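Here are some exercises to work through with the model open beside you. Try each task before reading its solution.

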Amino acid sequence: MVAGISLVATLGAAGLTAAPTAAAAPQAAPAPGPLVRAISAPAADAPDVDVTKVQAHLTELNAIASRNGGTRKSSGQGYRDSVAYVRNKLQAAGYTVTEQPCTSGCASGAGPNLIAEWPQGDTAKVYMFGSHLDSVAAGPGINDNGSGSAALLETALTLAEHHPAMAARVRFGWWTDEEQGLNGSDFYVNSLSSAERTRIKAYYNFDMIASTNGGYFINHLTSAAAQPMKAYWDALGLQPEENTEGAGRSDDYSFEQAGIPTSGYAMGASARKTAAQAAKWGGTANRAYDSCYHQSCDTTSNINSTGLNRSVDGIASTLWKLAVTDSTPANDFSLSASPAGGTVDPGTSATTTIATATTSGSAQTVQLSASGAPAGVTVSFSPGSVTSGNSSTMTVATAAGTAPGSYPLTVTGTGSVTHTATYTLTVRGTGSCSGQQLLTNGGFESGTSPWTGDTGAIGSHAGQSAHSGSRFAWLGGYGYSATDSIAQTVTVPDGCAKATLTYWLHIDTDETDRVAYDTFKVKAGSTTLTTLSNTDAASGYVQRTLDLTPYIGQRIALTFTATEDSGLQTSFVLDDAAVQVS
């Protein structure tokens, strides 16, 4: 939450929600506090969101800050690594994800907004849930606003896991540069056309929803938009109050100014809890709701797990009430690909029939698209849209230089509802081998792409140094039970005689016993190629070599994983990885 000054005055009596930010934690940050599960309340069949998973996201955000100077400020690498972490989770779950650069109004060097939409439901009716992902420069911002960001991320993943029938669209936003004046959300709202704004039926904001001495506050408590959120907390007997402290101080204000109904949860920032609130909610009267607001102590130890649990389940309840339906869509269709796969030589094409059928109600227009094609592969449809009950021919064309391998393509049919089908393209090897290096950004100097997983480990972190350049991947190093993993998929060309993975690894540890407490594993697919541990610690980088020849002609995921126990820290610092074929 941005510090409150002039914006509050401009809003007057209207009650909005906001939240504070806080400061960073050291590499060996304390583990989250006591966990709370399954606080029951009627929630329109919404699932319980596992608060331990929300806290796992907070642990990762804390680690990202620790590796980037103790902060996730919008203009720093800590923020960009936070975006990458959230983005990768959402893309893997099937969301349509967009990074929106803030090209005006934001601080110099500010990273992008991150927008994710679940690709089902009525596109004319959108419910949006948002939080700011940046922290202040003074700290890691785990309550302010890792709490809102992590809660929305796990809510989004829960929606994807349950995959219910959707009556409306659900869109999530993680905002940049909130701490500098609500700049990221303001840029987003101003980028919307009048028609796009009209489609957003309500925006819900979550900023500081785990304050340790917090209360239970709702933006615009008596508004129609707030009623699903209020109903959930009322069912828990919490007697929520209007969020007057946060009025005009968080990203909901950007939407409010555009005439979009808003609400949201907050648990308070630097204002002090009254005696009446302490009697109602517990905690300490005349003490700040969050005594670590905008400070370096806003770490994973600054989290009220009970409040966090009540908040995230209330978010899920609201989403389910507004956007999920138990009924079968009035008009529905099926989608299939026949054949479901094809094998081609580089430079040639394959075709398949995309068939649709009306399964309920009336026929509808279905727009066809495809995703997941590798470089050099194009996908086209003839025709590009069909009336359900009809078919289209999908042509998959490869380039002469398309790398051999197996590529799953997702075919999407979008009408009043959305369905997908999978087509697997297999590209044969050419029978000859051109010596080359296959791994992209193996020295981590070009950001995090195309690495996936815990990409917050990638950066230029204080406390460790690169083998070359300025960036590396710091896996582990916490001093408590944790796992870091990064991966990249490569295709090893057919026709080659030899394939080799090399990487430079520096292992340092505080362990003194010659016992493998903390481990580092390298996998090709599901096969473990090597396991190292704290017993292999050395004073500098050591180059390691692994044989990938058995994987020639295959597409494989190479994964580097560090696992620590609950004792002393071991850091596995990875740099300059390469896959060479000859």
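**Exercise 1: a tyrosine and its surroundings**

Task: find which residues tyrosine 95 is in contact with, leaving aside its neighbours within four places in sequence.

Solution: Start by taking contact as heavy atoms within 4.5 Å. Tyrosine 95 then meets Leu90, Ala116, Glu117, Trp118, Ala156, Leu157, Leu159, Ala160 and Phe172. Before going on, note that this is a predicted model, where local features need pLDDT of at least 70, side-chain atom pairs count only at pLDDT 80 or more, and totals for chains, interfaces and linings use all residues. Residues are numbered from 1 along each chain as its sequence is written, and side-chain values use heavy atoms, with hydrogens and water left out.

**Exercise 2: the sheet**

Task: give the strand order of the open sheet of eight strands, and say why one side of E1 and of E7 lacks a neighbour.

Solution: First, strands are DSSP runs of E with at least two residues, helices are runs of H or I with at least four, and both are numbered from the N terminus. Two strands pair if DSSP finds at least two bridges between them. The order is E1-E2-E4-E3-E5-E8-E6-E7, with mixed pairing. Next, look at the edges: E1 (96–100) and E7 (241–242) each have a single partner strand, so one side of each is left without a neighbour in the sheet. Finally, E6 (residues 217–218) pairs with E7 in the parallel sense over two bridges, and isoleucine 218 has glutamate 242 in E7 as its bridge partner.
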